[in-house]
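Visitor: I am new to this structure and would like a close look at a single part of it. Could you choose a place to start and lead me outwards from there, step by step?

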Amino acid sequence: MNYLDYVRSQVTKEDWRLLKSRRDINLDAAVLYGMWADFVNFEKRRRTEIPFLVTRLAEYDNPRIFDASLGSGATTFGLKLAGLEKIVANETDSHLANFAKKEAKRLGIDWSMITVTSHDWRKLPESLAETFDAVVSTGNSLTYLFKKGDQLAALQNFRDVLKPRGKLIIDERNYAEHFLKAPDGSKFRWSGDFVYCGKDRIAVHPIHISQSMVVVEYAHLDGRKSHLALYPFKRGELKGLLREAGFREISMFGDYRPNFRPQDPEFLTYVCCK
Ligand SMILES: C[S@@+](CC[C@H](N)C(=O)[O-])C[C@H]1O[C@@H](n2cnc3c(N)ncnc32)[C@H](O)[C@@H]1O
């Protein structure tokens with residue numbers, strides 16, 4: 001399914017009407033994903049995200065990892081370069097998978113050695129049950145799903161593919177503080193220091209904020225411009241879903257730190273044990 005149809009299947013009728021009525025919104029994923037590697041800035045992201053993940057995975061001996069959203073490869077490639085070899089990288093969008101392949105070449109990573117799957121999180125095959133020590137879903141990915149039933153199905157499936165005592169590591173944007181508190185976008189923050197680190201090439205800001213949908217604009221300095229429609233998790237909502245999906249021990253980090261004031265971090269990361 002292309003991104004436009006995917007969004008249409010997710011959002012309310014009112015939000016879809018709004019998206020279609022605004023000529024300044026471009027939901028062409030091919031444009032957006034063409035700039036994704038610049039938005040990520042692999043080298044910079046790797047310095048913060050990968051040590052955080054490696055520390056959380058240290059208890060496993062040669063862990064088998066499911067990267068739920070390969071994207072341009074930030075997490076999969078970072079973990080590979082850190083010596084973690086057993087990674088299955090999942091990507092449903094062919095544009096992103098192609099860009100990841102190019103990014104692998106740029107980084108000198110052998111693409112043929114990476115197992116790439118393309119499962120929708122909402123229906124992961126039973127053959128994957130209890131086969132992974134860890135699932136990583138980073139880069140604010142679950143926010144692509146708007147419906148509670150879909151979000152829960154994805155989290156339950158992530159739990160199902162984990163071995164007993166396996167871990168899900170999942171992040172989200174700090175929507176409660178940096179989006180929903182000010183629908184005019186005045187609380188939005190993007191330092192470029194965490195997760196999406198490509199601030200030198202891309203300008204990002206929300207152009208629509210409501211309780212049901214956020215639209216974010218991505219403008220490349222070469223003139224390309226595209227948008228994403230995302231579901232803004234409310235305060236405590238994702239943690240509640242993780243509990244509902246059956247995760248018992250959940251630790252929360254703000255910009256990778258265990259202690260933080262709610263208003264400070266740009267990204268919240270949850271480390272959840274099965
Ligand atoms: C914001 S991108 C993040 C990509 C990457 N993890 C990163 O940090 O750059 C969101 C990702 O979620 C994937 N995605 C969205 N909905 C999905 C679904 N229902 N099933 C599987 N993947 C999905 C997209 O294809 C994309 O790879």
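**From the ligand to the helices around H6**

Guide: The shell of residues around the ligand divides into 5 nonpolar, 9 polar and 4 charged, and you should keep in mind throughout that what we are looking at is a predicted model. There are 18 residues around the ligand, and those that come nearest are Ser69, Gly71, Gly139, Ser141 and Tyr144.

Gly71 gives us a way outwards, because beyond the neighbours within four places in sequence, a C-beta distance within 7 Å puts Trp36 in contact with Gly71, and likewise with Ser72, Leu96 and Phe99. Trp36 belongs to helix H4, and since 25 other C-beta atoms lie within 10 Å of its own, where 20 or more are needed, Trp36 counts as buried. A more distant stretch of the chain also appears here, for Gly198 stands 162 residues from Trp36 in sequence, while their C-alpha atoms are 9.0 Å apart in space.

After H4 the chain enters the loop that leads to H5, and Asn41 has its place in that loop. The phi of Asn41 is positive, about 50°, although this residue is not a glycine. Asn41 has 18 other C-beta atoms within 10 Å and is therefore partly exposed, the range for that class being the one between 12 and 20.

Helix H5 covers residues 42-57, and it packs with helix H6, residues 74-81, at an angle of about 70°, the two axes being 9 Å apart. H5 and H6 are therefore roughly perpendicular to each other, and the crossing in which H5 passes H6 is right-handed. On the side of H5 the contact is made by Phe42, Arg45, Arg46, Glu49, Ile50 and Leu53, and on the side of H6 by Ala74, Thr75, Phe77, Gly78 and Leu79. Sorted by kind, the residues of this contact come to 6 nonpolar, 2 polar and 3 charged. It helps to recall a general point about such elements: an α-helix has 3.6 residues a turn, so residues three or four places apart point the same way.

Let us stay with H6, which is the part I would like you to look at with most care. Of its 8 residues 7 are buried, so H6 is largely enclosed by the rest of the structure. The buried ones are Ala74, Thr75, Thr76, Phe77, Gly78, Leu79 and Lys80, and five of the H6 residues you have just met in the contact with H5, Ala74, Thr75, Phe77, Gly78 and Leu79, can be found again in that list. As for what surrounds them, the buried residues of H6 pack against both helices and strands: helices H4 (36-40), H5 and H7 (94-107), together with strands E1 (65-67), E2 (87-90) and E4 (132-137). H4, the helix that holds Trp36, is thus one of the elements against which these residues pack. After H6 comes Gly83, whose phi is positive, near 100°.

From here we can return to the far stretch of chain and follow it a little. Val195 is found in the loop between helix H9 (175-178) and strand E6, and its phi, near 60°, is another positive value in a residue other than glycine. Val195 is nevertheless buried, because 23 other C-beta atoms lie within 10 Å. Beyond strand E6 (202-209), the loop that runs to strand E7 (214-220) holds Ser212, which counts as exposed because it has 12 C-beta neighbours inside 10 Å. Setting aside neighbours within four places in sequence, Ser212 is in contact with Thr12 and Asp15. The C-alpha atom of Ser212 is separated by 8.1 Å from that of Phe146, although the two residues are 66 residues apart along the chain.

A last pair of helices can be set beside H5 and H6. Helix H8, residues 148-161, packs with helix H10, residues 237-244, at an angle of about 55°, with their axes 9 Å apart, and that angle makes H8 oblique to H10. Here too the crossing is right-handed, and the contact is made by Gln151, Leu152 and Leu155 of H8 with Leu241, Leu242 and Glu244 of H10, a group that divides into 4 nonpolar, 1 polar and 1 charged.

Key
Residues are numbered from 1 along each chain as its sequence is written. This is a predicted model: local features need pLDDT of at least 70, side-chain atom pairs count only at pLDDT 80 or more; totals for chains, interfaces and linings use all residues. A residue is near a molecule or strand if its C-beta atom, placed from the backbone, lies within 6 Å of it. Ala, Val, Leu, Ile, Met, Phe, Trp, Tyr, Cys and Pro count as nonpolar, Asp, Glu, Lys and Arg as charged, and the others, Gly among them, as polar. Helices (H or I, at least four residues) and strands (E, at least two) are DSSP runs, numbered from the N terminus. Two residues are in contact if their C-beta atoms, placed from the backbone, lie within 7 Å. Axes are lines fitted to C-alpha atoms, for helices over the stretch in contact, and angles run from 0 to 180 degrees between N-to-C directions. Angles under 35 degrees count as roughly parallel, over 145 as roughly antiparallel, 65 to 115 as roughly perpendicular and the rest as oblique. A crossing is left-handed if the near helix is turned anticlockwise from the far one by less than a right angle, and right-handed if clockwise.
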